Amino acid sequence: MSISKDLEVGQGLQSDLKQPLISKGKEVILSTDSSSNGKDGGSIWMVLLSTFVAVAGSFEFGCAVGFSSPTQSSIRHELGLTLAEYSVFGSILTIGSMVGAVMSGRVADSIGRKGAMRISGGFCMIGWLAIYYSKGSWSLDIGRLAVGYGIGVFSYVVPVYIAEITPKSLRGGFTTVNQLMICTGVSFAYILGTVLTWRVLTLTGLIPMLIMLVGLFVVPESPRWLAKVGKQKEFEEALRRLRGKDADISEEAAEIEDYIRTIESLPKVKLLDLFQRKYAYPLIVGIGLIALQQFGGINGIIFYAAETFEEAGSSGTVGTISIACIQVLVTAVGATLMDKCGRRPLLLVSISGACFGCLLSAISFFLQSQDYLTDFSPILALCGILVYIAAFSVGWGAIPWVLMSEIFPINVKGTAGSLVSLMHWFGGWFMSLMYNFFMSWSKTATYTVFTAICGGTVLFVAKLVPETKGRTLEEIQASMDSTIASKSKSADEK
């Protein structure tokens with residue numbers, strides 16, 4: 001899964017970095033409200049605390065994704081797992097995540113954002129304990145599946161909760177923290193996995209969940225959810241706790257309630273409704289970007305990085321620590337560049353860099369297979385994979401999800417997000433399951449295919465993906481509608 005938000009977060013449709021989210025059923029819907037930004041004396045400390053508690057779930061997400069890389073050889077050796085059994089263990093996380101992501105909207109709307117986070121935390125803790133006490137593959141898989149379900153719900157509810165509690169002026173920076181904490185969790189697992197046994201590393205996954213479960217007793221529920229379910233008194237109390245006791249919340253409260261009424265009045269859209277000509281362009285862009293992202297190899301490389309480095313003749317420890325150091329820094333840089341450089345240029349640069357990294361790795365594995373330049377090929381493989389990870393993290397991981405929140409009309413945004421999310425998790429499952437088998441078949445061919453997919457993605461972006469920087473959602477929709485109309489006219493003339 002994308003960790004830049006693979007990771008970030010998918011997983012339902014996430015927010016634009018500068019706009020709030022409102023959930024509706026399984027939907028995540030962009031809000032364009034002009035809510036209070038806290039300038040009228042509101043306190044920011046409760047928002048900071050609430051965000052800290054919520055992103056413990058994002059950190060847990062990263063820990064779960066990063067766990068399978070440094071532990072592969074030790075788990076297989078201690079429990080006697082075959083390559084196929086370990087591949088199932090690694091990939092079943094995405095099956096649980098897929099189920100969690102599909103159910104997350106309904107769960108979060110039924111019992112609230114805090115209630116959804118509590119349930120997710122419980123699943124993660126049970127899962128980690130099952131892995132810790134495992135004596136064979138079955139208990140490993142059940143534990144990994146439970147953790148997957150928990151992080152699948154987190155992938156939806158954490159960014160939604162953060163976007164719903166933060167003032168408009170701070171929303172972009174606060175929602176970016178979600179992605180950064182996922183990357184930090186991956187790096188945490190990579191680094192600690194080089195010095196701890198796999199069972200002890202399992203127990204570290206309990207720490208963020210304990211922090212979250214305790215913290216949820218202190219922080220308020222999402223005011224927008226409380227307003228949506230008609231809890232007027234609790235809604236006003238929660239909003240006042242977040243903005244400060246002396247802040248004037250009347251304007252923001254009125255805007256939230258008006259927006260929720262507007263969303264409730266929109267017609268329900270079914271999955272089959274997406275396959276109309278008027279939605280074809282955004283659907284092709286959305287599904288295409290996510291499918292190409294997943295089949296470009298990211299989950300296989302992230303899930304089994306240590307083993308990949310060792311097969312290339314490099315040190316698995318050095319390789320994973322290098323990824324851990326690069327990933328968080330580059331993701332933070334990418335978040336700052338997105339609005340400065342634009343989505344499309346940064347995406348083209350990012351994918352081109354990933355293509356180059358895969359090409360270097362393919363060349364390295366080819367040299368290794370020919371027993372040529374044996375001292376040089378491991379260094380080339382290390383550099384190639386690090387270039388791929390850095391390039392992916394700077395844009396390709398996060399930008400597709402930002403575009404998802406911008407290119408779909410508001411009335412289909414939630415349904416389209418569900419479809420895109422399913423493609424994301426399916427691609428993640430397929431790649432994390434099959435990567436080891438592909439590498440056993442031919443390392444050179446595997447990375448050559450990844451290179452070709454990355455190259456094809458560059459062409460896809462250049463030809464089809466629109467630029468959305470500095471444009472309102474209405475302007476983006478008008479532009480895409482005109483493109484669809486012109487293509488339909490051309491087709492009719494032919």
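How many salt bridges does the count come to? The count comes to 4. Here are some notes to help you find your way around; please keep in mind that this is a predicted model.

1. **A bridge between H1 and H5.** A good place to begin is Glu78, which forms a salt bridge with Arg199; their closest N and O atoms are 3.0 Å apart. Because Glu78 belongs to helix H1 (residues 45-79) and Arg199 to helix H5 (residues 198-204), this pair ties together parts that are 121 residues apart in sequence. The two partners also differ in their surroundings: Glu78 is partly exposed, with a relative accessible area of 45%, whereas Arg199 is buried, at 16%.

2. **A bridge within H2.** Next, look at Asp109 and Arg113, another salt bridge, with 3.0 Å between the closest N and O atoms. Both residues lie in helix H2 (residues 83-132), 4 residues apart, which is about one turn of the helix. Asp109 is buried, and Arg113 is buried as well.

3. **Arg113 again, now with H3.** The side chain of Arg113 also meets that of Glu164 in a salt bridge, at 2.9 Å from N to O. Here the pair links distant parts of the chain, with Glu164 in helix H3 (residues 137-165) and Arg113 in helix H2, 51 residues apart. Glu164 is buried, like its partner Arg113. If you widen the view, you will find a network of salt bridges that links Asp109, Arg113, Glu164 and Lys228. As general background, side chains of opposite charge can pair when their charged atoms come close.

4. **Aromatic rings.** How many aromatic pairs does the structure hold? There are 18 of them. One aromatic cluster is formed by Phe67, Tyr86, Phe89, Trp128, Phe303, Tyr304, Phe365, Tyr435, Tyr447 and Phe450. Phe89 is worth a second look, since the charged end of Arg144 sits over the Phe89 ring, 5.1 Å from its centre. A similar arrangement is found at Phe217, where Arg118 lies over the face of the ring, at 5.3 Å from the ring centre.

5. **Helix H6 and its cover.** Which residues of helix H6 (residues 206-215) are buried? Leu206, Pro208, Met209, Met212 and Gly215 are buried there. The cover over the buried residues of H6 includes H1, H2, H3 and H5.

6. **A nonpolar patch on the surface.** Leu49, Phe52, Ile207, Ile211, Phe217 and Val218 form a nonpolar surface patch, and together they have about 600 Å² of accessible area. H1 and H6 are the elements that give two or more residues to this patch. Val218 is placed in the loop between H6 and helix H7 (223-228). With a relative accessible area of 42%, Val218 is partly exposed. Phe217, another member of the patch, is the ring that has Arg118 over its face.

7. **An unusual backbone angle.** Finally, please look at Asp371, whose phi is near 55°, a positive value in a residue other than glycine. For context, most residues other than glycine have a negative phi. Where is Asp371 found? Asp371 is in the loop between helix H14 (343-369) and helix H15 (377-396). Is Asp371 buried or exposed? Asp371 is exposed, with a relative accessible area of 60%.

Conventions. Residues numbered from 1 in each chain as written. Predicted model: local features only at pLDDT ≥ 70, side-chain atom pairs only at ≥ 80, totals over all residues. Heavy atoms only, no water. Buried < 20%, exposed > 50% of the residue type's maximum accessible area, 1.4 Å probe, protein only. Phe/Tyr/Trp six-rings, centres within 6.5 Å; stacked < 30°, edge-to-face > 60°. Lys NZ or Arg CZ within 6 Å of the ring centre and 35° of its normal. Contact = heavy atoms within 4.5 Å. Patch = residues over 30% accessible without salt bridge, like charges linked within 9 Å, V, L, I, M, F, W, Y side chains within 5 Å. Areas by Shrake-Rupley, 256 points an atom, 1.4 Å probe, with all protein chains shown as cover.
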